[in-house]
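Q: Could you take me through one part of this model in detail? I would like to hear about the aromatic side chains and the helices that carry them.

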Amino acid sequence: EKELKAKLIQDINKLKISAKLKKLWINVIEEAFDSDRWDIIKDYNGCTAVQDMFHPCPACFVHDFSWLSGMGGRVSDRVFYGLMLAEGMSKGKSFARWAAVRVGWFSFFRWKYIFRRNWRRPSEGLQELYNHLKGK
């Protein structure tokens with residue numbers, strides 16, 4: 001886990017993005033490693049059905065954490081879109097991946113959360129990252 005965390009943070013720090021975005025993104029990475037709501041080694045698998053731009057993918061890591069820890073939905077998917085753009089993915093490819101996770105959310109995962117009662121509001125860190133990406 002230490003190597004994965006170090007690599008994710010290293011990859012974020014290499015990006016040409018604002019210091020504030022880096023800080024907010026790393027805060028969510030830290031939260032994910034401190035969380036008992038998921039098993040990082042078992043649950044994190046990167047992008048599903050498509051190839052990661054690079055692995056480990058910090059955007060996919062945050063998205064996996066948010067969905068698997070019960071914070072999936074609009075906020076986590078919008079953060080995923082914004083982080084893919086920050087990683088340098090094109091708007092078209094980012095949008096296509098965002099649309100795919102939205103379809104997955106409404107067709108399956110939302111109902112899985114409801115059935116398992118694994119639903120919670122976005123964490124403060126995820127909400128701050130969302131607000132920053134939305135320009136609030």
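A: Happily; here is a walk through the aromatic pairs, followed by the helices around them. Please keep in mind that this is a predicted model.

Four aromatic pairs are found in the structure. One of them joins Phe 33 and Phe 61, which are stacked, with 5.3 Å from centre to centre and 15° between the planes; the angle falls under the 30 degrees that counts as stacked. Phe 33 belongs to helix α2 (residues 19-34) and Phe 61 to helix α4 (residues 58-68), so this pair ties together parts that lie 28 residues apart in sequence. Both Phe 33 and Phe 61 are buried.

Another pair brings in Trp 38 and Phe 65: their ring centres are 5.5 Å apart and their planes stand at 50°, so this pair is tilted. Trp 38 sits in the loop between α2 and α3 (40-43), while Phe 65 is in helix α4, so here the parts tied together are 27 residues apart in sequence. Trp 38 is buried, at a relative accessible area of 8%, and Phe 65 is buried too, at 1%. Taken together, Phe 33, Trp 38, Phe 61 and Phe 65 are linked by ring pairs into a cluster.

Now to the helix that carries Phe 33. Helix α2 is 16 residues long and spans 22 Å from its first C-alpha to its last, close to the 22 Å expected at 1.5 Å a residue. Its buried residues are Leu 21, Lys 22, Leu 24, Trp 25, Ile 26, Val 28, Ile 29, Ala 32 and Phe 33. As a reminder, an α-helix has 3.6 residues a turn, so residues three or four places apart point the same way. The cover over the buried residues of α2 includes α1 (2-14), α3, α4, α5 (74-86) and α7 (124-134).

Helix α4, home of Phe 61 and Phe 65, also meets α5. The axes of α4 and α5 come within 9 Å and cross at roughly 175°, which makes the two helices roughly antiparallel. On the α4 side, the contact is made by Ala 59, Cys 60, Val 62, His 63, Ser 66 and Trp 67. From α5 come Ser 76, Asp 77, Val 79, Phe 80, Leu 83 and Met 84. Sorted by class, this contact has eight nonpolar, three polar and one charged residues.

To draw the picture together, helix α4 supplies Phe 61 to the pair with Phe 33 of α2 and Phe 65 to the pair with Trp 38 of the loop, and it also makes contact with α5.

Conventions: Residues are numbered from 1 along each chain as its sequence is written. This is a predicted model: local features need pLDDT of at least 70, side-chain atom pairs count only at pLDDT 80 or more; totals for chains, interfaces and linings use all residues. Side-chain values use heavy atoms; hydrogens and water are left out. Rings of Phe, Tyr and Trp (its six-membered ring) pair if their centres lie within 6.5 Å; planes under 30 degrees apart count as stacked, over 60 as edge-to-face and the rest as tilted. Helices (H or I, at least four residues) and strands (E, at least two) are DSSP runs, numbered from the N terminus. Buried means under 20% relative accessible area, exposed over 50%, partly exposed in between (1.4 Å probe, protein chains only). The expected span of a helix is 1.5 Å times one less than its number of residues. Contact means heavy atoms within 4.5 Å. Axes are lines fitted to C-alpha atoms, for helices over the stretch in contact, and angles run from 0 to 180 degrees between N-to-C directions. Angles under 35 degrees count as roughly parallel, over 145 as roughly antiparallel, 65 to 115 as roughly perpendicular and the rest as oblique. Ala, Val, Leu, Ile, Met, Phe, Trp, Tyr, Cys and Pro count as nonpolar, Asp, Glu, Lys and Arg as charged, and the others, Gly among them, as polar.
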